[in-house]
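Q: Let's take a close look at one part of this model: the side-chain charges. Start there and work outward to the surroundings, please.

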Amino acid sequence: MLMVLLVVGFNSHAQTEMDIGYDSKYVTEGRNNLVEGGIVWVSVNHQLDTSWLIGAAYGEASNDAVDYDELNVSIAFSRQVGDLWYSLNYTRLEFYADNQSDNELGVFASWEGFEHVILTFEVVYSSQADGSFLQLGVTNGYKLSRDLMLSPYAKIAFDFGYASERSEGHNHYALGANLRYQFTQNISVISMAEYNIGGSYLKDLNDNQSDQAWAGLHLNVIF
């Protein structure tokens, strides 16, 4: 969900941005999508002008025993009004191994009106599931040195028929952080770690689907 924009990130000065990375698990909606192993992502975003962004992300399971890959192609419109930044996007998802596809509409917003925290809002609607998923969060960026930035975050998520027809309401909590090291003006390495605490519905499924911890390492290049 919103994989293109959220994995790569949005840089208001970039024309084209490429991200290549590995995540130890493929965790979305508080659950692990792969039976074992992680996932490798290659993502490219291109900024058409100050408001419009197009992007694509391809992910494939890193374990040869797991047959999984997906392609996300997105277009997004973004705008900043005072302390509010928002993005409206459409994503086409293709799951080749499963021979399935989906269309998603998403809204992401952040509010920077407070001194120490940034509030985030994210909702996505899936046409295939005919359901939506909502995440509310807090984050901020802390410059540890000239080239090192730490961005911790916390989120609470709610499922309304998006991940499961039987799930309505609180889905999970997420605690995580991104650590970006800026090698040059255009090249950076981003390490990330996240811990998901499943809500009552996820805990009732089985032990494998309740709490999830994963980490990732990504190379980001701006052209």
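A: For a pair to count as a salt bridge here, a side-chain nitrogen of Lys or Arg has to sit within 4 Å of a carboxyl oxygen of Asp or Glu. Keep in mind that this is a predicted model. Side chains of opposite charge can pair when their charged atoms come close.

The structure holds two salt bridges. One links Arg-92 to Glu-94, with 2.9 Å between the closest N and O atoms. Arg-92 comes out as partly exposed because its relative accessible area is 29%, and Glu-94 is partly exposed too, at 23%. The other salt bridge runs from Arg-146 to Asp-147, and there the closest N and O atoms are 3.5 Å apart. Arg-146 has a relative accessible area of 70%, so it counts as exposed, whereas Asp-147, at 22%, counts as partly exposed. Buried would mean under 20%.

Now for charges that cluster on the surface. Glu-60, Asp-64, Asp-67 and Asp-98 make up a negative surface patch. Take Asp-98 as an example: you'll find it in the loop between strand 7 (84-95) and strand 8 (100-111). Its relative accessibility is 45%, which means it is partly exposed. That fits the patch rule, because patch members need over 30% relative accessible area and no salt bridge.

There's a nonpolar counterpart as well. Leu-48, Trp-52, Ile-54, Ile-75, Tyr-90, Leu-105 and Tyr-125 form a nonpolar surface patch of about 620 Å². Ile-75 belongs to strand 6 (residues 69-81), and its relative accessible area of 35% makes it partly exposed. Another member of this patch, Ile-54, is the bridge partner of His-46 and belongs to strand 5.

That pair takes us to strand 4, so let's stay with it for a bit. Along strand 4 (residues 39-47), side chains alternate between two faces. Ile-39, Trp-41, Ser-43, Asn-45 and Gln-47 point one way and are buried, while Val-40, Val-42, Val-44 and His-46 point the other way and are not. His-46, the residue opposite Ile-54, is therefore on the face that isn't buried.

Strand 4 has a partner in strand 1 (residues 16-23), antiparallel and over eight bridges; in that pairing Met-18 stands opposite Val-44. Strand 4 also pairs with strand 5 (residues 52-61), again in the antiparallel sense, over nine bridges. A hairpin of four residues makes the connection from strand 4 to strand 5.

Further along the chain, strand 12 (residues 148-160) has several pairings to go through. With strand 10 (residues 131-139) it runs antiparallel over seven bridges, and Gly-137 has Lys-155 of strand 12 as its bridge partner. With strand 11 (residues 142-143), strand 12 also pairs antiparallel, over two bridges, one of them matching Lys-143 with Met-149. Strand 11 and strand 12 form a hairpin, and four residues lie between them. Then 13 bridges join strand 12 to strand 13 (residues 168-182), antiparallel once more, with Phe-160 opposite Glu-168 of strand 13.

Back to acidic residues, some of which turn up in loops. Asp-130 sits in the loop between strand 9 (118-126) and strand 10 and has a positive phi of about 50° despite not being a glycine. Asp-130 is exposed because its relative accessible area is 56%. Glu-29 also has a positive phi without being a glycine, of about 55°, and is located in the loop between strand 2 (27-28) and strand 3 (31-32). Unlike exposed Asp-130, Glu-29 counts as buried, since its relative accessibility is 11%. As background, most residues other than glycine have a negative phi.

Last stop: Asp-211, in the loop between helix 2 (200-205) and strand 15 (212-222). Its relative accessibility of 27% makes it partly exposed. Asp-211 and Asn-32 are 179 residues apart along the chain, with 9.4 Å separating their C-alpha atoms.

How values were computed: Residues are numbered from 1 along each chain as its sequence is written. This is a predicted model: local features need pLDDT of at least 70, side-chain atom pairs count only at pLDDT 80 or more; totals for chains, interfaces and linings use all residues. Side-chain values use heavy atoms; hydrogens and water are left out. Patches are made of residues with over 30% relative accessible area and no salt bridge: like charges are joined within 9 Å, nonpolar side chains (Val, Leu, Ile, Met, Phe, Trp, Tyr) within 5 Å. Accessible areas come from the Shrake-Rupley method with a 1.4 Å probe; for residues, only the protein chains shown count as cover. Lys and Arg count as positive and Asp and Glu as negative; His and the chain ends are not counted. The place of a charge is taken as NZ of Lys, CZ of Arg, CG of Asp or CD of Glu. Buried means under 20% relative accessible area, exposed over 50%, partly exposed in between (1.4 Å probe, protein chains only). Two strands pair if DSSP finds at least two bridges between them.
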